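Grab a pencil and work through a few exercises on the structure below. Try each task before you read its solution.

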Amino acid sequence: MTDSSLEEQFILAYTFLNNHPEINLSNEIKLQLYGYYKVVTIGKVNTAKPPLWDFRGRAKWDAWKEVENTPAEIAMQMYIETVEKTNIDWKRDQSDDDSSINTEDDDKEENKTNAKEGRTTYVSTMSYGEEEDSEVDDIFSYTKKGDITEISKILDSGNIDINAKDDQGLTLLHWASDRGHLTVIELLIDRGADVNILSEEKETPLHFSCISEHLDCARYLYHHGANSSIKDDEDLTAFDHCSVQFKEEVIKE
Amino acid sequence: MDEQEHDHVFDGEGEGSTIDKMRAKQEKKNMKKAKKKAAKISAGGSKADLEDTAAKQKELQEKVRMLVNQLAIREAIQPPPSASSSQKQKDMSSHKFWSTQPVPKHDETIEEDGPIEPDTPYDQIRKEPYVLPKEFEWVTLELNNESELNELYTLLTNNYVEDDDAMFRFDYSGDFLKWALQPPGYLKTWHVGVRVSANKRLVAFVSGIPADIRIYNSHQHLVEINFLCVHKKLRSKRLAPVLIKEITRRSHLQGIFQAVYTAGVVLPKPISKARYYHRSLNPKKLIDTNFSRLPPNTTLSRLIKKFKLPTETSTPGLRSMVEKDVPEIRTLLNEYMSKFNFVPVFKTDDEIKHWILTKDKVIWSFVVEDPETKKLTDFFSFYYLPSSVIGHQVHKTINAVYLFYYAVKESDEKAIKGRLQGLMKDALILAKLKNVDVFNCLDLLENKLFIDDLKFGPGDGFLNYYMYNWRCKGMGSDKVGVVML
Ligand SMILES: CC(C)(COP(=O)(O)OP(=O)(O)OC[C@H]1O[C@@H](n2cnc3c(N)ncnc32)[C@H](O)[C@@H]1OP(=O)(O)O)[C@@H](O)C(=O)NCCC(=O)NCCS
């Protein structure tokens, strides 16, 4: 057997193992393989002994130290034989076509899944299906996000009806009042938005701020011309939707 | 090399695994061979030979390193298929620990119910604790001691999470832990902790409590395992298997050979899988804290209106449970449980008193008393387990309650549905009055009868139910009655 075939076999064995992370090897075997691998690729131990606390790192270091004087050829041989003998489906004369491999250490195996759904949730939270994240970047979506820069840009461009309604019958000011974006409300009112404009259900922007309990927004609307006696379809005023305390806070000068 | 440390950290599950032993043997043979070969090489060589070998070895190492690097680069460009999700099952062979335990395999077809291994005779039960890595020591926690209770509380609140970017974590109170861990007949030796020997810091825990359950037709007195926790810094070091083996050993010593446990992860082999459901009571706060999400095309106002509840309950005769209700509730609950396949059996009034009777800020129970006969017809209970919101400026805590046990007397399906909807709506109202932000439940029992109508939404959490050393057929979550904390 020539050296080059030995090293090829070593690579194949290594690649095979890394391509099949599902293969269950005992920790002793993993540690031995690790030791041989280090000897083949690096030689003698060249790192400091990990602290007592890091027992995993320490065990690996120990495994390497134990075989560090093994000549590289022997280490490769040992590596190959170990892989062959662990009753897994690999023989040195058989190659595995797909040769993508993982990096050197077996640390990767503990692969924490990054995908959210891959995690074990301890505190379960509300789940949502794939949602129509309708990423149309129009002035309504910027208003919902509170992106004041984009909103002013579009308003500055001039060709926009500030009191226009979307498919839900809501204006920009309704959305800003619902989401609680005070600066957007200020901008919209400054640019002439109708502060008492009604939705299909006859709600004013103040209704939205009161129901959603955005105190700063409700105060601003109230003190900039919002009519608090307007009743919605349920025959309720904006203040009927909130606590007395909230109402008092809104009215307060 | 330190054999002790190595053995016990990396091989917490080693015992009893013949495969592992065989592998170890092979491994030793390999080792001997290697040493022989190495000896041969160095024996015959002259000095020149040796130098030559060293140079060759260097060259070889360089070559191999380059090849490996090339492969690694290719791998970086073409990453392997993404890792599996936690709700997917792994092969039994890849469960280094669980494959050595008396639990059914994922693909096993189950013909007959029964234990997987016979009870271990007392004289064959290991009498001394399993060996921990030498930096650590076992400790039995005394929860009546305020400072030890506090240590447990601290361990769990800081570490009952997966990783550092978790947004929420359970905020168990001391009273909650005592309720969960000190039921009638509890054993202190089943409150198992692990401390760092040097500084006595508590870094791991697992608990067992005695319980009576019925699974299909089999009544069993067993142990319920819960609160398995390993400090974040000590994860993936195979400490969990040692804890599990130790609590198993301590159960064996009490003559108990079966256990019930639940986990979010899929292990071999779930009896049932339940899903969490959440009912918003305070939608705005839940959205602010990212517990739930506001769909881009929905107004917050609409969502708030959707979840609005009356301020008064509607079931006539509904009142708080009091101590004198205990015997009647026991009968009512045990009877109601008879229609499910995996249920608790409450054998004494003391158990009901412990588990069900209201304890403020821990568990709340309500009963329905027939105004005429004065007999109790129904009851429900929910326990309080807040979660801390990590890193939020305004909100520190989400006040959550979880539906616990309940019973209704109706027997006709349609009547049950109507009754349950009324009762659970009242439960929501009562929770809301206690300033609770979210009402949670699993899809166990007959919860599916009201989940949709009462506007519960599915959660991203699942809970798998398991039994240790017991083989039986699986069941739908609507056949499960056991509610674990
Ligand atoms: C659960 C926890 C103790 C596991 O510790 P860990 O350091 O991640 O795992 P370890 O390396 O020590 O042990 C891994 C083994 O334990 C098993 N395991 C992991 N979580 C488990 C659980 N909740 N129940 C039973 N076994 C579990 C694994 O399946 C694995 O065995 P396997 O190779 O046979 O599959 C730890 O992650 C933790 O404290 N998590 C937060 C609290 C928690 O979720 N507790 C469980 C609630 S049900």
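Here are three exercises, each with a worked solution.

This is a predicted model, where local features need pLDDT of at least 70, side-chain atom pairs count only at pLDDT 80 or more, and totals for chains, interfaces and linings use all residues. Residues are numbered from 1 along each chain as its sequence is written, chains are lettered from A and ligands numbered from 1 in the order in which they are written, and side-chain values use heavy atoms, with hydrogens and water left out.

**Exercise 1. The ligand's surroundings**

Task: work out where the ligand lies and which residues come nearest.

Step 1. Place the ligand: it lies between chains A and B.

Step 2. Look at the 23 residues around the ligand (near means that a heavy atom lies within 4 Å). Tyr122(A), His95(B), Trp98(B), Leu228(B) and Ser236(B) come nearest.

Step 3. Sort that shell by class: 14 residues are nonpolar, 4 polar and 5 charged. Here Ala, Val, Leu, Ile, Met, Phe, Trp, Tyr, Cys and Pro count as nonpolar, Asp, Glu, Lys and Arg as charged, and the others, Gly among them, as polar.

**Exercise 2. Oxygen contacts and cover**

Task: find protein partners for the ligand's oxygen atoms, then check how much of the ligand is buried.

Step 1. Go for polar contacts, meaning pairs of N or O atoms within 3.5 Å. A ligand oxygen sits 2.6 Å from a polar backbone atom of Ser236(B), and for Lys237(B) a polar backbone atom is 3.5 Å from a ligand oxygen.

Step 2. Now try side chains: an N or O atom in that of Arg238(B) is 2.9 Å from an oxygen of the ligand.

Step 3. On its own the ligand exposes 850 Å², and the protein buries 86% of that (Shrake-Rupley method, 1.4 Å probe).

Step 4. Which elements give two or more residues to the shell? They're β5 (218-230), α6 (239-253) and β6 (259-263) of chain B, and α6(B) gives the most, with 4 residues. Elements are DSSP runs: helices are H or I with at least four residues, strands E with at least two, numbered from the N terminus.

**Exercise 3. Two domains of chain B**

Task: describe how domain 2 and domain 3 of chain B meet.

Step 1. Get the bounds, from an automatic or database assignment: domain 2 spans 92-263 and domain 3 spans 275-461.

Step 2. Their centres, taken over C-alpha atoms, are 28 Å apart. The contact (heavy atoms within 4.5 Å) takes 23 residues from domain 2 and 30 residues from domain 3.

Step 3. Between them they bury about 2300 Å², 66% of it on carbon and sulfur atoms. Buried area is the accessible area (1.4 Å probe) that two parts lose on being put together, summed over both.

How values were computed. A polar contact is a pair of N or O atoms within 3.5 Å; within protein, one must be able to donate a hydrogen and the other to accept it, and residues adjacent in sequence count only if both atoms are side-chain atoms.
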